[in-house]
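Welcome! Here is a short guided look at a protein model, moving from its strands and helices to a few unusual backbone spots. Take a moment with the picture first.

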Protein chains: 2
Amino acid sequence: MSMWVTGANGFIGRHLVRLLADSGDRVHGIGHGAIGDVEKRRIGLEHWLNGEIDAANLNALAERAEQPSAIFHLAGGASVGLSIAQPFEDFSRTVNSTARLLEWMRHSAPNCRLIVASSAAVYGAHHSGILSEEAEPRPLSPYGYHKLMMEQLCRSYAAHFGLRTMVVRLFSVYGMFLRKQLLWDMCSRLQRGERELMLGGTGDEVRDWVDVRDVVRLLSSLATRPQQEKLQVINGGCGSGTTVAEVADILTKSWGEQASVRFSGVVRPGDPFSLVADGGKVRTLPFAWEIPLSRGIADYVHWFKEDTR
Amino acid sequence: MSMWVTGANGFIGRHLVRLLADSGDRVHGIGHGAIGDVEKRRIGLEHWLNGEIDAANLNALAERAEQPSAIFHLAGGASVGLSIAQPFEDFSRTVNSTARLLEWMRHSAPNCRLIVASSAAVYGAHHSGILSEEAEPRPLSPYGYHKLMMEQLCRSYAAHFGLRTMVVRLFSVYGMFLRKQLLWDMCSRLQRGERELMLGGTGDEVRDWVDVRDVVRLLSSLATRPQQEKLQVINGGCGSGTTVAEVADILTKSWGEQASVRFSGVVRPGDPFSLVADGGKVRTLPFAWEIPLSRGIADYVHWFKEDTR
């Protein structure tokens, strides 16, 4: 099948392209970033269009490559912090790009499946316990608001123009090639020889950690899955919460040397205290999460050491 | 005071500009439409910038005119039908223009008050009885979705950047100079001599009709009203429902000749059956609706006959 991936040059995008290509799909991508021919082949992309997601570029990709059977829409803002520093930029990346993509599909690919990467950030705080897909969204950051607006746009195009869309609210996705956030920061400092790590927050923040390899297996499975409703929303989380302190502990142990971790107690703006999925709906797809956190982190540490040797 | 009105060339915009100018405010507008100097003075605008709502044009207006004390944001899509025919155009007019306005205010006018015209269309159908501001929004059209997204953007900028914003969900605004919709269509046909009018819908659709003169009095009062919360949402409806058949009846009687009205029974897509405000919150501002429907329609008919003589 012909699969398109927006934001194919990103962290999740590159993992997804690899998986799809390995499964025999022809994969075409659009988004920002220069990718040379050698690199393109290496990561599994047949065609790559480096540019905005707009009608002209989507038409250009359709001419060069082929019409998509499914589009995985991963492009968009990717940082709560950036969305506070540059809210309009985050809006443009997340909401505007989706508006242009949906409009292009309405005209040019109305029967194409759409799988959209949203975020647990749409839930925000003010919740207790695990988050079902029906919980009221109360974002805590521009990033969360823009992801929510993106979902509503999808809902509108599904309801009024019949675009078949699956929205996946991703929780805390980590894994190899992620060169930012907690694991990356800790590994970088351990590698520099630091043995007393001070981290932001309180350490008690609870997240639903999912390995990117599980995540792209989930996403790819949705492209061909029968879907009754025109729009469906599912949590991309396994339903199990782990604190940042526990993750830090697993990571230092995986690293293999003694290190102590403390927390500044300073909570970052836009950061909900707890984000753990009700994982019931995704399990009934059916889908099984396979990579436990301990193995995922061990693999990450292994990759980091190899990668930065 | 210096007041800016986006979409000042529209139906509500022109009424609002007149009222503000008559109250001694200096009024500056931005939006689409060529307005000559004579016309500008006639309608009460000191400066008019004919163009998109974007940073460059807002900066240009600020240089020519003066910084705003309050901005009335009336620009945006204005038709459910158009939003179905051209959803991206409606998105751009409503959501994109608001994103650019909010971002400009964040940088250049962070203490300016913002009064935003939203719509009862955000409620959609699936409700029974009157609609309180807390009712769950379930839009029935792209127009309604885009207005909802616009509200969320305002909510995000209020929460994260402190912009003080009042969102007014306008119900069925009618009045002089409105050259479309039910009253205009009926008057046009009566004037052509038709005496057997067939109208769309069932006639049983219930709406909360508010005269534009009351509406702009409400809007203008909000610019200087103390406002505790950074973002507040109020219904711009009087809380009284009247069916389309009743309105048609009042209008034919006002017209002064015998005419019969029938309904096709064909419901237009995106048209909820009932949209009537819970008018409690707006009354406690305080605000009193002054123009009863019978007088508003009589004035409309009078204006129509004068205008088209």
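A:Pro286 sits in the loop that links helix 10 (280–283) to helix 11 (293–307) of chain A. Keep in mind that this is a predicted model. The peptide bond leading from A:Leu285 into A:Pro286 is cis, and its omega is near 10 degrees. Chain B has a matching entry: B:Pro286 lies in the loop between helix 10 (280–283) and helix 11 (293–307) of chain B, and the bond from B:Leu285 to B:Pro286 is cis, with omega near 10 degrees.

**The sheet of chain B**

Now let us turn to the strands. Chain B holds an open sheet of 7 strands in the order 3-2-1-4-5-6-11, paired in parallel. Strand 3 and strand 11 (231–236) of chain B are its edge strands, each pairing on one side only. From one strand to the next, the twist averages 15 degrees.

Two of the pairings can be followed residue by residue. Strand 2 (residues 26–31) and strand 3 (residues 47–50) of chain B run parallel and are joined by 4 bridges; here B:His28 stands opposite B:His47 of strand 3. Strand 1 (residues 2–6) and strand 4 (residues 70–73) of chain B also run parallel, with 4 bridges between them, and B:Thr6 has B:His73 in strand 4 as its bridge partner.

**Helices and the sheet**

How do the helices relate to these strands? Helix 1 (residues 11–22) of chain B lies across strand 1, strand 2, strand 4 and strand 6 (165–170), running at about 170 degrees to strand 1 of chain B. Helix 3 (residues 55–64) of chain B packs on the sheet and touches strand 1, strand 2 and strand 3, its direction making about 160 degrees with that of strand 3 of chain B. Which hand does the unit of strand 2, helix 2 (residues 37–43) and strand 3 of chain B have? Together they make a right-handed β-α-β unit.

**Positive phi angles**

Finally, here are two residues that have a positive phi although neither is a glycine.

| Residue | Phi | Place | Relative accessibility |
|---|---|---|---|
| A:Gln181 | about 75 degrees | helix 7 (residues 181–191) of chain A | 41% |
| B:Phe177 | near 80 degrees | loop between strand 7 (172–174) and helix 7 (181–191) of chain B | 44% |

Are they buried or exposed? A:Gln181 counts as partly exposed because its relative accessibility is 41%. B:Phe177 is partly exposed too, with a relative accessible area of 44%.

Notes
Residues numbered from 1 in each chain as written. Chains lettered and ligands numbered in written order. Predicted model: local features only at pLDDT ≥ 70, side-chain atom pairs only at ≥ 80, totals over all residues. Heavy atoms only, no water. Pairing = 2+ DSSP bridges. Helix = DSSP H or I, 4+ residues; strand = E, 2+ residues; numbered from the N terminus. Right-handed = clockwise from strand over helix to strand, strands pointing away. Axes fitted to C-alpha atoms, helices over the stretch in contact; angles between N-to-C directions. Contact = heavy atoms within 4.5 Å. Buried < 20%, exposed > 50% of the residue type's maximum accessible area, 1.4 Å probe, protein only.
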